[in-house]
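Work through the exercises below with the structure open. Each task is followed by a solution in steps.

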Amino acid sequence: MQGELLAAVTGIFGLVTGVVVGVLAGLYLRTSPPERRPPAPERRDGATLPSGIAEVLSALPSSAVVLDSADRVLRASSAARAFGIVRGEELVIGELLTLARQVRRDGVIRETDIEVAVRKFGPDATSFAVRVAPLGGTGLVLVLAEDQTEHRRVEAVRRDFVANISHELKTPVGALSLLAETVQDASDDPEAVRRFTDRMQQEAARLTAVIQDLITLSRIQGAEPMAEPTRVDLGYVVDEALDAVRMPADAKGIELVGSGAEGVTVLGDEGLLGTALRNLVANAVAYSPKDTRVAVSVGVSRSSVDISVADQGIGIPQQDLERIFERFYRVDAARSRATGGTGLGLAIVKHIMTHHRGEVTVWSKEGSGSTFTLRLPRPESRRVEPAGNSDRQEAAQ
């Protein structure tokens, strides 16, 4: 009797314990935070996303879209929505939708390139490299669209650069070859020989200038900003830049003026800053009419040191201002070649300023001249002594 009573009590105790544990487990699942609950497969109108697919798609940099058998969007990455490829539950790019249906029908993976005007602002289209594939035998289709716009732009710039440099090198080389043949044919005419050899020297100088500019550009393009810049005396840099163009300036009666640079010091590379300033001053002299003025002035503000080169030349058309710092871009190609320009000077200036964590700006008006400004970060608040003559004297000793 006692055994039966003990068994009954034990059974009742087990039943009560089971009910309590079940209730507590239900309460735990309802009140626990979402990240602690067992993951449930994503469903929409009966469609199920295979296990693990959502995690993979979230890690992809591409625009990723999963379509169900009715062409509705089952899953879309944030990039796909940001580009406007997906709106709500619809894939709005008709070409992608057509590809998805073909893949669902025959199970063959397809790849293509498309350009879609998906941006809200601006006329430019976005280029995509697209890959569409089936997801097993579920009827689901995966669409991956990789934004290739920047890559295509870089490739176009590279192709333009190769074409431009080929032309720039081919022209003087071809001229030298032709002039050499002409000199050979006119060997019995001393005056003709003298005239053609002068031309050969000009073409050789032009070829040398192009090669030198290319070397300078390749050296500074893509270089990291200087980790340990040195002190640069702007008074010395300005004087050197003006002295470098004094002969052609005097030939045209152009007055060269420098002001505000005495005692001003910046941190950087003296050679590169000198190259940038010489390029600007040389351009100012080359594109200024006779009996005008080119002025180089230095101004200091709380955060920057500005070096401005102002001329009274022909000016630059408004539509060309945004492109003048591109390699080989010329506002007036015929005049630029006549003055010996390579089309690389302003591109070099831009990269030198980037190398110095600075910038170059331009103001210009046709018929009123131009002003180019090199803006450099001002040295730290500590007192910086000019590094000009004293440092050079010590180096010489």
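**Exercise 1: Building a sheet**

Seven bridges connect strand 14 (residues 304-310) with strand 16, and the two run antiparallel. The model is a predicted one.

Task: Find the residue in strand 16 that stands opposite Ser304, then give the order of the strands in the open sheet.

Solution.
Step 1. The residue opposite Ser304 is Pro377 of strand 16.
Step 2. Strand 16 (residues 369-377) also pairs with strand 15 (residues 359-365), in the antiparallel sense and over seven bridges. Here Val362 has Phe372 of strand 16 as its bridge partner.
Step 3. The open sheet has five strands in the order 11-13-14-16-15, with mixed pairing.
Step 4. Strand 11 (255-259) and strand 15 are the edge strands, each pairing on one side only.
Step 5. On average, neighbouring strands of this sheet are turned by 15 degrees against each other, direction ignored.

**Exercise 2: Helices against the sheet**

Task: State which strands helix 7 touches and which strands helix 11 lies across.

Solution.
Step 1. Helix 7 (residues 234-244) packs on the sheet and touches strand 11, strand 13 (293-300) and strand 14. The direction of helix 7 makes about 170 degrees with that of strand 13.
Step 2. Helix 11 (residues 345-355) lies across strand 15 and strand 16, and runs at about 25 degrees to strand 16.

**Exercise 3: One side of helix 7**

Task: List the buried residues of helix 7 and explain why they are on the same side.

Solution.
Step 1. Leu234, Gly235, Val237, Val238, Ala241 and Leu242 are buried in helix 7.
Step 2. Around the axis they cover an arc of only 165 degrees, so they are on the same side of helix 7.
Step 3. The general background is that an α-helix has 3.6 residues a turn, so residues three or four places apart point the same way.
Step 4. At the N-terminal end, Asp233 caps helix 7, with a side-chain oxygen 3.1 Å from the backbone nitrogen of Gly235.

**Exercise 4: Thr361 and the hairpin**

Task: Decide whether Thr361 is buried, partly exposed or exposed, and name the residues that Thr361 touches.

Solution.
Step 1. Thr361 is in strand 15.
Step 2. Buried means under 20% relative accessible area and exposed means over 50%. The value for Thr361 is 31%, so Thr361 is partly exposed.
Step 3. Leaving out residues up to four places away in sequence, Thr361 touches Thr371, Phe372 and Thr373.
Step 4. The C-alpha atoms of Thr361 and Ser308 are 9.4 Å apart, with these positions 53 residues apart along the chain counted as their separation.
Step 5. Three residues lie between the strands in the hairpin of strand 15 and strand 16, where Gly367 takes a positive phi near 85 degrees.

How values were computed: Residues are numbered from 1 along each chain as its sequence is written. This is a predicted model: local features need pLDDT of at least 70, side-chain atom pairs count only at pLDDT 80 or more; totals for chains, interfaces and linings use all residues. Side-chain values use heavy atoms; hydrogens and water are left out. Two strands pair if DSSP finds at least two bridges between them. Helices (H or I, at least four residues) and strands (E, at least two) are DSSP runs, numbered from the N terminus. Axes are lines fitted to C-alpha atoms, for helices over the stretch in contact, and angles run from 0 to 180 degrees between N-to-C directions. Contact means heavy atoms within 4.5 Å. Buried means under 20% relative accessible area, exposed over 50%, partly exposed in between (1.4 Å probe, protein chains only). The arc is that of the directions from the helix axis to the C-beta atoms. A polar contact is a pair of N or O atoms within 3.5 Å; within protein, one must be able to donate a hydrogen and the other to accept it, and residues adjacent in sequence count only if both atoms are side-chain atoms.
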